[in-house]
Amino acid sequence: MEEPEHPTPFKSPPSSPPQRRQLCSHCDRPLPACLCYALPATPLPTKTKILIIRHPHESRHKLNTTPLISKTLLNATTISSRRLLPHHLPNQSPPAIYLFPPSPNASAVTLSQLKSSNLRNYETTPLLLIVFDATWKHAKEMVSASEGVLKGLALRVCLDGVDENVTGGSIYDNELVLRKEPFGGCVSTLEAVARCLGVIEPNGDEVQGVLIGVLREMVRLQAGFLKPLKPRPKMLKKSKHKEEDNYQLG
């Protein structure tokens with residue numbers, strides 16, 4: 001007897017891989033969020049050399065502002081690393097500063113104090129500005145791991161108005177809640193560089209204005225694609241809850 005024919009199992013057609021978003025060849029951003037119109041036709045020259053140490057994880061973040069710095073400023077260099085290493089520095093390193101808020105173990109000079117210090121005589125000897133680009137948790141780890149190189153090389157500088165008891169203050173917080181900064185005086189990498197160059201560059205107002213303009217346009221464009229994050233309400237400690245309950249019962 002002939003064996004009964006078994007029906008051929010149905011095979012679904014192979015699924016096509018998801019299409020990648022088309023990127024602008026100049027600003028490297030998705031075409032719907034292209035920022036070429038906001039970037040200068042040619043990168044702006046600065047006397048200050050900017051060295052950005054970017055945590056590897058930041059390269060995957062859609063709101064990372066470091067690429068915009070490199071597209072806007074001629075003398076900006078970005079290195080992907082978890083810490084600053086000696087070979088990252090120029091051969092003849094000029095006087096250096098690095099941006100980071102103060103800590104209990106390390107004080108920092110504010111931009112206002114820097115403005116009136118001797119470091120501002122950079123017309124003959126330009127400054128090297130070192131910036132760590134990462135989440136605040138990773139940035140603390142990066143600065144700690146880089147202390148051996150930073151010690152004796154660079155002065156720690158922070159923005160005016162750093163206050164751990166105050167939230168907000170950045171363009172992200174004020175104009176659209178995209179990335180929440182931990183406390184007052186903490187801003188995006190691009191905004192921090194802009195504010196610093198606004199103080200130490202001869203044409204600082206112009207350079208700062210261009211950088212902030214690019215950042216504002218990025219925030220405006222992202223507003224159309226991202227749902228703003230609602231700040232979480234601050235939770236009261238249990239002790240405060242008990243005090244309020246006792247007060248209400250009394």
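Is Cys-36 buried, exposed or partly exposed, and what is its relative accessible area? Select this cysteine in the predicted model and display its surface: Cys-36 is partly exposed, with a relative accessible area of 25%.

**The cysteines**

Keep Cys-36 selected and add Cys-24, whose sulfur is the closest cysteine sulfur to that of Cys-36, at 3.4 Å. Because a disulfide is counted here when two cysteine sulfur atoms lie within 2.5 Å, this separation is too far for a bond. Next add Cys-27, which is buried, with a relative accessible area of 2%; its closest cysteine sulfur is also that of Cys-24, at 3.8 Å, and this too is too far for a bond. A search of the whole structure finds zero disulfides.

**Asp-28**

Move on to Asp-28, which lies in the segment before S1. Most residues other than glycine have a negative phi, whereas Asp-28, although not a glycine, has a positive phi of about 65°. Asp-28 counts as partly exposed, at 45% relative accessibility.

**Two parallel strands and the helix linking them**

Now select residues 49-54, which form strand S1, together with residues 76-80, which form strand S2; the two run parallel and are joined by five bridges. To find the register, look at Ile-50, which stands opposite Ala-76 in S2. Following the chain from S1 to S2 takes you through helix H1, residues 66-72, in a β-α-β crossover that is right-handed.

**The nonpolar cores**

The largest nonpolar core has 39 residues, and those touching the most other members are Leu-73, Ile-97, Leu-129, Val-193, Leu-197, Ile-200 and Leu-211. Colour the elements that each supply at least two residues of this core, among them S1, H1, strand S5 (128-133), helix H6 (189-200) and helix H7 (204-223). Then centre the view on Leu-197, which, leaving aside its neighbours within four places in sequence, is in contact with Thr-48, Ile-50, Leu-73, Leu-129, Gly-204, Val-207 and Leu-211. A second, separate core holds 18 residues, including Ile-79, Tyr-98, Met-142 and Leu-150.

**Confidence along the chain**

Finally, colour the chain by pLDDT: the mean is 79, and 69% of the residues reach 70 or more. Select residues 163-185, over which the pLDDT is below 50, and note that this stretch nevertheless has 67 contacts in the model beyond near neighbours in sequence.

Terms used:
Residues numbered from 1 in each chain as written. Predicted model: local features only at pLDDT ≥ 70, side-chain atom pairs only at ≥ 80, totals over all residues. Heavy atoms only, no water. Pairing = 2+ DSSP bridges. Helix = DSSP H or I, 4+ residues; strand = E, 2+ residues; numbered from the N terminus. Right-handed = clockwise from strand over helix to strand, strands pointing away. pLDDT = per-residue confidence, 0-100. Contact = heavy atoms within 4.5 Å. Core = buried A, V, L, I, M, F, W, Y, C linked by side-chain atoms within 4.5 Å. Buried < 20%, exposed > 50% of the residue type's maximum accessible area, 1.4 Å probe, protein only.
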